[in-house]
Amino acid sequence: METRLNLFENEISAKFFKRFANAGLVIQQSSLPHSTQELVSLRASQINGCGWCIDMHTKEATAAGETAVRLHLVAAWREASVFTEAERAALAFAEEGTRLADAHQGVSDETWAQVRKHYDDDQIAALVCLVGLINAANRVAVIVHQQGGSYEAGMFAAALG
């Protein structure tokens with residue numbers, strides 16, 4: 001499978017992704033813990049089958065100090081003891097916010113209550129925006145067959161500089 005279009009070299013998509021990255025900066029600079037941001041992005045990317053984003057978020061999380069054990073267990077977080085209650089709430093939120101077609105209500109009231117228990121309004125706003133943003137990124141990368149494996153930590157930020 002070859003990449004259909006290099007989004008970083010195309011003028012239109014390069015302009016779009018600079019703005020997209022700026023939107024992401026709002027989330028990155030929020031009080032939502034960076035480790036939670038990477039775990040949520042990784043889980044949504046796993047669900048959506050986005051190799052590029054799985055590669056990116058695994059490597060960015062590792063560069064930020066995340067452990068290999070936790071990264072390997074994100075796909076099975078319900079059966080793992082390495083995540084906090086707050087992270088579990090965020091991961092459930094990410095799954096329900098990603099699998100909208102699987103559940104007509106989207107994020108359940110139970111999951112929303114768990115998120116509310118662990119995060120303040122600003123962190124919840126960042127979480128909502130993050131789930132929307134990562135799902136958009138996953139879809140774009142999957143459409144053009146952007147392959148994972150060659151990403152290096154910091155590469156996305158450098159490419160959009």
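## A tour from helix 1 to the nonpolar cores

Start by selecting F16 and F20: both sit in helix 1 (residues 11-28), four residues apart, about one turn of the helix. Helices here are DSSP runs of H or I with at least four residues, numbered from the N terminus. You are viewing a predicted model, where local features need pLDDT of at least 70, side-chain atom pairs count only at pLDDT 80 or more, and totals for chains, interfaces and linings use all residues. Residues are numbered from 1 along each chain as its sequence is written, and side-chain values use heavy atoms, leaving out hydrogens and water.

Is F16 buried or exposed? With 42% relative accessibility, F16 is partly exposed, while F20, at 14%, is buried (buried means under 20% relative accessible area, exposed over 50%, partly exposed in between, with a 1.4 Å probe and protein chains only).

Now add F17. The ring centres of F17 and F20 are 5.5 Å apart with planes at 70°, so this pair is edge-to-face (Phe, Tyr and Trp rings, using the six-membered ring of Trp, pair if their centres lie within 6.5 Å; planes under 30 degrees apart are stacked, over 60 edge-to-face, the rest tilted). F16, F17 and F20 make up one aromatic cluster.

Next, select L32, V40, W52, C53, V115, Y119 and L127, the residues with the most contacts inside the largest nonpolar core, which has 29 residues. Such a core is a set of buried Ala, Val, Leu, Ile, Met, Phe, Trp, Tyr and Cys residues joined through side-chain atoms within 4.5 Å. Helix 7 gives the most to this core: nine residues.

Finally, find L39, A61, W77 and A80, which are among the ten residues of a second, separate core.

Note on methods:
Helix = DSSP H or I, 4+ residues; strand = E, 2+ residues; numbered from the N terminus.
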